[in-house]
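The exercises below are meant to be worked through with the sequence and the structure side by side. Try each task before reading its solution.

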Amino acid sequence: MARITAGVASSHIPALGAAIDLGKTGEAYWAPAFAGYDWTRQWIASEAPDVVILVYNDHASAFDMKIIPTFAIGCGERYAPADEGWGPRPVPDVIGHPDLAWHIAQSCILDEFDMTIINEMDVDHGLTVPLSMMFGQPGAWPARVIPLAVNVVTYPPPSGNRCWALGEAIARAVESFPEDLNVQIWGTGGMSHQLQGTRAGLINADWDNRFLDRLEGDTQELRHIPHIEYLRETGSEGIEMVMWLIMRGALGRSTRTLHRHYHVPASNTAVGHIVLEPVGD
Ligand SMILES: [Fe+2]
């Protein structure tokens, strides 16, 4: 049977991808941000997940105001890196896992989550930067990837509670897939950041770290944080953190932290990163 063995959360800051692509990760400004991922790169090489369910948001690359799916699952064979205005990132195509993705889509829809099914799309920094942070610069990504795109760009994004419940539904779907697969689920985006307006540059390290604290253990407090709190405390783009709750929900009743990293600033955001494993009942 397929099983979810770990959850990973990470910022997906585009400037981190540019630093990798331009060979700048050793520079004084960037080195501390990347150092927090050294542990994870070693760990994931030994874990060797077969499939990563990668929760992210598209930034007007595959979707725009013409279509805004709240939850969209990629069921395609492969996805090319998107051209976000300066050419596609020099990273490998992302290879999907259509059989598991269609199974998750069917299971979640019959579980009353109305997923949008995507068979063709390009994937932007929201998806490719976390792959680079975790896997470095391989010639081919070492895991199949199922993109799970969440609308956190246009109001209204889904609630944290709904995201957590979707994670629980994804876990039920994975556990009912007959093939023996090591599956990880990643939540990306965040942490506190605001890109525009009078509060541009806002970072709230205290709030971010309390959020990280509560990803561990059996508390479910995070699922009840209202949108207005994300907006007030973490800036207009901090709402991306609801995507981490899909990851957390998929890990079941309780979790243990294997690794944690927090660094400010990177570009105009806070870098947050955590690796969790489910703790069996
Ligand atoms: Fe983002």
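**Exercise 1: The largest pocket**

The largest pocket of this predicted model has a volume of about 550 Å³. Find which residues lie closest to its centre, and work out which elements give two or more residues to its lining.

Solution. Begin at the centre: of the 27 residues that line the largest pocket, Val 152, Ser 236, Glu 237, Ile 239 and Glu 240 are the closest to it. Next, turn to the elements, where helix H1 (14-21) and helix H8 (227-234) are those that give two or more residues to the lining. Of these, H8 supplies the largest share, which is four residues. Finally, sort the lining by class, which gives twelve nonpolar, 13 polar and two charged residues.

**Exercise 2: The iron ion**

Identify the protein donors of the iron ion, and say in which loops His 12 and Glu 240 lie.

Solution. The first step is to list the donors, which are His 12 and His 59, each through NE2, and Glu 240 through OE, lying 2.1 Å from the iron ion. The second step is to read their spacing along the sequence, which follows the pattern H-x46-H-x180-E. The third step is to place two of them: because His 12 is in the loop between strand S1 (3-10) and H1, while Glu 240 is in the loop between H8 and H9, the pair ties together parts that are 228 residues apart in sequence. His 12 and Glu 240 are both buried, and Glu 240 is also one of the residues closest to the centre of the largest pocket.

**Exercise 3: The second largest pocket**

Describe the lining of the second largest pocket, naming the residues nearest its centre and the element that gives the largest share.

Solution. Start with the space itself, which amounts to about 270 Å³. The lining is made by 17 residues, and those nearest the centre are Glu 175, Ala 250, Leu 251, Gly 252 and Arg 253. Helix H6 (160-175), helix H9 (242-250) and strand S10 (269-279) are the elements that give two or more residues to this lining, with H6 contributing the largest share, five residues. Divided by class, the lining holds seven nonpolar, five polar and five charged residues.

**Exercise 4: Helix H5 and its two ends**

How many residues of helix H5 (residues 125-135) are buried, and what is found at the start of the helix and just after it?

Solution. Counting along the helix shows that eleven of its eleven residues are buried, including His 125, Pro 130 and Phe 135. At the start of H5, a side-chain oxygen of Asp 124 comes to within 2.9 Å of the backbone nitrogen of Gly 126. After the helix comes Gly 136, which has a positive phi, near 75 degrees.

**Exercise 5: Classifying Ser 46 and Thr 255**

Decide whether Ser 46 is buried or exposed, and do likewise for Thr 255.

Solution. Ser 46, which is found in helix H3 (residues 38-47), has a relative accessibility of 59% and therefore counts as exposed, since the exposed class begins over 50%. Thr 255, in strand S9 (residues 254-266), has a relative accessibility of 4% and so counts as buried, the limit for that class being under 20%. A polar atom of the Thr 255 side chain lies 2.8 Å from the backbone oxygen of Leu 215. Beyond its neighbours within four places in sequence, Thr 255 is in contact with several residues, among them Glu 216, Arg 248 and Val 279.

Note on methods:
Residues numbered from 1 in each chain as written. Predicted model: local features only at pLDDT ≥ 70, side-chain atom pairs only at ≥ 80, totals over all residues. Heavy atoms only, no water. Buried < 20%, exposed > 50% of the residue type's maximum accessible area, 1.4 Å probe, protein only. Polar contact = N/O pair within 3.5 Å; in protein donor to acceptor, adjacent residues only side chain to side chain. 1 Å grid on protein atoms, 1.4 Å probe; cavity = no way out; pocket = protein on both sides within 12 Å on 5 of 7 lines; lining within 4 Å. Points joined across faces, edges and corners; volume = space filled by probe spheres on them. Nonpolar A, V, L, I, M, F, W, Y, C, P; charged D, E, K, R; others polar. Donors = N, O, S within 2.8 Å, 3.2 Å for Na, K, Ca; no water. Contact = heavy atoms within 4.5 Å.
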